[in-house]
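Reader: I'm new to reading structures, and I'd like to zoom in on just one part rather than skim everything. Could you pick a helix and walk me through its surroundings?

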Amino acid sequence: MTSEEIFDQLVPIITLYLPDDVSPDEIQLKSDLTGELNINSAHLVDIVLDVEDTFSIVFANEDMEQLHTVQDAITIIQKKITTK
Amino acid sequence: MQAHFQQIIDALPYSEPFLFVNTLHSVSENGAEGSYTFSKDSYFYEGHFKNNPVTPGVILTECMAQIGVVCLGIYLTQKNTSEKAQLALSSTQVDFYKAVFPEETVRVVSEKEYFRFNKLKCKVTMYNEANEIVCKGNISGMVKL
C-alpha cells in the first residue's frame with residue numbers, strides 16, 4: 001500500500017475525532033495530532049484502535065510513543081503491513 | 001469487604017463531600033462492582049431541587065465513574081506498578097431511567113471494554129435497591145502515572 005493510499009484511509013478516521021473548530025483540511029502529513037489538530041490523548045487512543053481495525057495491525061506501546069504526526073502514523077502503519 | 005478492596009478505596013483521591021463509594025463488592029481484570037448510599041444530608045439536596053430533593057444526574061455519573069472506572073483503574077494499574085495512578089475522566093455517555101432519592105443505596109456494575117495505552121473504557125450500569133436500572137452508559141478515563 002502506498003503512503004498516499006494509507007493517508008486517504010487515515011483522513012476519515014482522524015476527521016471523526018477532530019474538535020469542531022479544526023477543519024479536516026488541516027490534516028496534512030506534517031500535522032501534529034495532539035499539538036496542531038487538538039486531538040486529546042483519549043481520542044488519540046480511539047484513532048489508534050480504529051487504525052488497528054482498518055489495517056488489521058496491532059500497535060505496541062513503543063509505536064504509541066513514536067506517534068506524533070500524521071506522517072508518523074503512516075510510517076508505523078507501512079512498517080506493520082509490510083512485516084505482517 | 002475484603003482488605004484489598006479497602007486499599008483501593010483508600011487510594012481514591014476523593015474525600016467527603018465528593019466521595020461516592022461506600023463498599024466494593026468485587027474487582028477483577030474484567031470489571032468492578034460497588035455500592036453507595038446517598039445520605040439525606042448531602043449538600044446538593046439543598047438546591048436540587050427546591051424543596052424536592054433528587055440526586056443530580058451528574059452526581060450519579062460521578063458515582064458510576066468513581067466505582068466503575070476509577071476503582072477498576074486503580075486495581076488494573078496496581079497490578080503492574082507500585083506507582084500511584086491518577087485517572088482523568090475523558091468521556092461519558094449516560095442514559096437515565098429512574099430517579100434516586102435521599103437515603104437510597106445504589107449498586108454500580110462496570111464491565112471493562114478495553115484498557116489500552118492508558119485509556120480505560122467501561123460499560124457501566126447503576127441499579128437501585130429494587131434492582132431496577134437507574135442509569136447506564138459508557139465512561140472512559142485516562143490513567144496518568
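Author: Sure, let's take helix H2 of chain A and then look at the sheet it lies across. Keep in mind that this is a predicted model.

Start with the helix on its own. H2(A) covers residues 41-55, so to speak a run of 15 residues, and reaches 21 Å from its first C-alpha to its last, close to the 21 Å expected at 1.5 Å a residue. Several of its residues are buried, among them Ala42(A), His43(A) and Leu44(A), along with Val45(A), Val48(A) and Val51(A). Step just past the end of H2(A) and you meet Ser56(A), which takes a positive phi of about 50 degrees.

Zoom out a little. Residues 1-81 of chain A carry the UniProt annotation "domain: Carrier", from an unreviewed entry. That span is 58% helix and 0% strand, and its end C-alpha atoms lie 8 Å apart.

Now for the neighbour in chain B. H2(A) lies across E3, E4 (105-116), E5 and E6 of chain B, and runs at about 95 degrees to E6(B). Those strands belong to an open sheet of six, in the order E1-E2-E4-E5-E6-E3, with antiparallel pairing. E1 (23-28) and E3 (86-96) of chain B stand at the edges with a single partner strand each, so one side of each has no neighbour in the sheet. From one strand to the next, the twist averages 20 degrees.

Finally, look at one pairing under the helix's path: E5 (residues 119-127) and E6 (residues 133-144) of chain B run antiparallel and are joined by nine bridges. Cys122(B), for one, has Ile139(B) in E6(B) as its bridge partner.

Technical notes. Residues are numbered from 1 along each chain as its sequence is written. Chains are lettered from A and ligands numbered from 1 in the order in which they are written. This is a predicted model: local features need pLDDT of at least 70, side-chain atom pairs count only at pLDDT 80 or more; totals for chains, interfaces and linings use all residues. UniProt positions are given in the numbering used here, feature names are shortened, and annotations may be inferred rather than shown by experiment. Helices (H or I, at least four residues) and strands (E, at least two) are DSSP runs, numbered from the N terminus. The expected span of a helix is 1.5 Å times one less than its number of residues. A residue is buried if 20 or more other C-beta atoms lie within 10 Å of its own, exposed if 12 or fewer, and partly exposed in between; C-beta atoms are placed from the backbone. Two strands pair if DSSP finds at least two bridges between them. Axes are lines fitted to C-alpha atoms, for helices over the stretch in contact, and angles run from 0 to 180 degrees between N-to-C directions. Two residues are in contact if their C-beta atoms, placed from the backbone, lie within 7 Å.
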